[in-house]
Structures are given as structure tokens and as C-alpha cells.
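Please examine the model shown below with attention to its enclosed spaces and its charged side chains. The report that follows treats these two topics in turn.

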Amino acid sequence: MDFNFKGRDIINGYDFTTQELCHIMDTAMIYEKRVKSGEAIKDMEGMLVATLFFEPSTRTRLSFESAMLSLGGQVIGFSGADSSSAVKGETIADTIEVVNGYADIIAMRHPKEGAPVVASMHTAVPLINAGDGGHFHPTQTLADLLTIHHEKGTFDNLTIGLCGDLKYGRTVHSLIEAMSRYKDIQFVLISPEELKIPGFIRYNVFENQGVSYTEVSSLEEAMPKLDVLYMTRIQRERFDDPWEYERLKDSYVLDTEKMKLAKGKMCVLHPLPRVNEISVKVDDDPRAAYFRQALNGKYMRMALILKLLDEAARNPAKEAIDTTGLEYDRVCRNPKCITQTEQELPQLFRCTDKAADIHRCIYCEQRA
Ligand code: CP
């Protein structure tokens, strides 16, 4: 099968077809073997990735950089907004216009939801969303998928429990979007009332595609049914009220007692970092896959860089964002949306339900 990654940006969980995901996984596994054999890979020699991290990161930034270096390429970038001209008030649009001239591919993390949509409008080189606020984190999903493939051997007929902060957990949003395409997937959403899955995922996945899900508050009750348990950290940095975080932070702790309730072949994933939602004693359980998952992230990012750069080199033209049918006459009220800080941005909305008069911001996907 021919794949066309021409002018592609990677912004959310739906940005790949099922065949493309499979192809990226196959590529990742080939390169994993080549790296482990000690081969000096030169496939990206002369190519440069820019890692623009306006928010802290350990895994995502370092695995992008490790991925490019392992491919024979080079890296530039910054690891915090404070060490970029964002502190002087530079917009994302201007930053990206400039970096676009310095690098062949850009991986960007930003605290505002929808920031990668803005960045993608200002770069001719591929733009990868390395996490935008509490919205999406599609390359974490690549790591998650390879881990599920290795641990379960299939993507079909799985009951997947997602536990913790489902409201602000961007990895959860991207994973649900990606996994919803497979056959007979059941999601069990385990969270406190205050941290339930947000409206745009309900709309994109559960309402639009009729994917099966249940919502519960007890991890113990859910455990025996699960094939995959995806634990998440309560995202302190997204809370407006620190007391609300203090009240909710220990909602779920996976320990060895709870692991006794699970299937013998269940696997535990976590995007990391963890705080205390998984006891360190669980690390010794062979079902704990989260450190293997972090390493898988490097191989998937190697594959992604290769695909986007190989194809972009052959097809340098990048398509502009299609604004057909978008509406301008509304204002996004999501305080975490990129339109709140980059005030020159046009407010753009897509009608997603004509009968109910529902319009969603094209950057953060919240309702107008
Ligand atoms: N999973 C993940 O995004 O980790 P970092 O925040 O360390 O990049």
C-alpha cells in the first residue's frame, strides 16, 4: 500500500488512518531492531528537528531528541517558555514563522489548547503536537498503541479502563480517539464526578461514532473486567482552584492489593510522570508496562519523523487550512484556548450540529 504523508501536521488522535498507524508501528519495530543491533543509522543525516517546549517535559522532548539523534539527524530547541522569546510577548505565529526557517520538522508543546492549529498555519515544515494544554497528545498515543500491540497482541475486543483525570488528561483524549476505530472496543471511564471526560470527546467519539462506554467511580469494581488499565495523574497544573486539586489528588491509588483483582494478562499503562497514583510496589508486577511504554515512545517518534520527513522531502507543498464553511461571528469562552492569549487570531467556528445550533471553536473544540 502507498502512503502519502505529504505536508502533514500531526495535531490530534484522528490524524492517521488505521493503515497509517499500522505502517508507523511496523516502521518503529524495524528501527527498534536496527538501534538494538548497534547499527549507526544515517537515514536522517543533514535533517534537523526543533523541539519547542513551552511547558515542562521529560519523556516527550527527550525521546524526540533521542529519536532524531538515533536517526543520524540533529536537534535544536528550548525546554521552557522562560528560555524563549515567549517571555517577551512573542506570539506562537511569529515564533513558528522563524523556526520554520531553521528546522526541517517541529515538535511543539504548549499550555494553551489549540496552539498547534495556529502553529500549523505558519509553517511549511511538518508540525507535530507534543501536547496542547488539556486537549491532545497524539505522539503519546503512538507510544500507547505500540505498547498495547506488544502487551496484548491485538487492538480488537479489548476492554480499556481509563482512570484518574479524564477531564484534563490530554493523553486520554488522544488515546480514546485513536482506539475508537478498532473492533468491539469497550471503554470504562473511571473518574471522580469533577474530572469526567469533556464534551468534545463525548461528541467526537461517543455520540458521533456510537462507541461503547460506561462511566464509574470505583476502580476496584472495574478492575476484574479490564484488559488494559490506563492510569493517569491528576493534572495539578490545569486546576484553577488549588484546593480542588488537594481534594481530588488522591482519588485513585493503584496498589498490589488492587492488582490482585485484575486479570492475569491485564496490562497497566501510564503516560508518566506518576505522582502517587501507582504504588512503586506495582513496578515489579510483570503486568506493569509503563516503563516499556516510555521506551516505545522513542521508536514511534523515530518512525514518525522518518515518515513525515521522507514524504515532505518528496512533496514539499503543504496544503493551507481549509476554511470553507467556517463561521467568524462568535467568541470562544474557554479560558484555556489559544485565542485568549493570541488576540489577533481570527475566531473561527465549525457548526457540528445544525438542529441543536452547536458550534465548536476550531482551535480548542469547545462549544461557543
Ligand atoms: N508522557 C509525557 O508526556 O511525559 P512528559 O511530560 O515527561 O513529556
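Helix α5 gives the most to the lining of the second largest cavity, with three residues. The structure is a predicted model, and the second largest cavity within it holds about 40 Å³ of space. Its lining is made up of Asn 12, Gly 13, Phe 16, Leu 21, Pro 138, Thr 141, Leu 142 and Ala 178. By class, five of these residues are nonpolar and three are polar, while none is charged.

In total, the structure contains three cavities of 30 Å³ or more. The largest cavity has a volume of about 50 Å³. Around this largest cavity lie Arg 59, Gln 140, Ala 143, His 270, Pro 271, Tyr 290, Gln 293, Ala 294, Gly 297 and Arg 301. Two helices, α5 (138-152) and α11 (290-314), each supply at least two residues of that lining. The greatest share comes from α11, which gives five residues. The lining of the largest cavity divides into four nonpolar, four polar and two charged residues.

Pockets form the next topic. The second largest pocket contains about 370 Å³ of space. Of the 21 residues that line this pocket, the closest to its centre are Arg 109, Arg 170, Arg 233, Leu 272 and Pro 273. The elements α2 (59-70) and α6 (170-179) are those that give two or more residues to the lining. The lining of the second largest pocket consists of four nonpolar, 10 polar and seven charged residues.

The report now turns to charged side chains. The structure holds 22 salt bridges, and the table lists some of them.

| Salt bridge | N to O distance |
|---|---|
| Arg 34 and Asp 43 | 3.3 Å |
| Glu 55 and Arg 170 | 3.2 Å |
| Lys 336 and Asp 240 | 3.6 Å |

What does the salt bridge between Glu 55 and Arg 170 tie together? Glu 55 lies in the loop between β1 (48-53) and α2, whereas Arg 170 belongs to helix α6, so the pair ties together parts that are 115 residues apart in sequence. Both Glu 55 and Arg 170 are buried. Arg 170 is also one of the residues closest to the centre of the second largest pocket.

The salt bridge between Lys 336 and Asp 240 likewise links distant parts of the chain, 96 residues apart. Lys 336 is found in the loop between α11 and β10 (349-353), and Asp 240 in the loop between β8 (228-231) and α9 (242-248). Asp 240 has a relative accessible area of 67% and is therefore exposed.

Salt bridges that share partners join Arg 34, Glu 39 and Asp 43 into one network. Arg 34 counts as partly exposed because its relative accessibility is 22%. Asp 43, at 34% relative accessibility, also counts as partly exposed.

Which side chain of opposite charge is nearest to Lys 112? That side chain is Glu 113, which is 8.4 Å away. Lys 112 is buried yet has no salt bridge. In the chain, Lys 112 occupies the loop between β3 (105-110) and α4 (115-120). Leaving aside residues up to four places away in sequence, Lys 112 touches Asp 132, Gly 133, Pro 335, Lys 336, Cys 337, Ile 338 and Thr 341. Among these contacts is Lys 336, whose side chain meets that of Asp 240 in a salt bridge.

Definitions and conventions: Residues are numbered from 1 along each chain as its sequence is written. This is a predicted model: local features need pLDDT of at least 70, side-chain atom pairs count only at pLDDT 80 or more; totals for chains, interfaces and linings use all residues. Side-chain values use heavy atoms; hydrogens and water are left out. Helices (H or I, at least four residues) and strands (E, at least two) are DSSP runs, numbered from the N terminus. Buried means under 20% relative accessible area, exposed over 50%, partly exposed in between (1.4 Å probe, protein chains only). Lys and Arg count as positive and Asp and Glu as negative; His and the chain ends are not counted. A salt bridge is a side-chain nitrogen of Lys or Arg within 4 Å of a carboxyl oxygen of Asp or Glu. Contact means heavy atoms within 4.5 Å. On a 1 Å grid over the protein atoms alone, a cavity is a set of points where a 1.4 Å probe fits but cannot get out, and a pocket is an open set with protein on both sides within 12 Å along at least five of seven lines; lining residues have an atom within 4 Å of a point. Grid points are joined across faces, edges and corners, and a volume is the space filled by probe spheres set on the points. Ala, Val, Leu, Ile, Met, Phe, Trp, Tyr, Cys and Pro count as nonpolar, Asp, Glu, Lys and Arg as charged, and the others, Gly among them, as polar.
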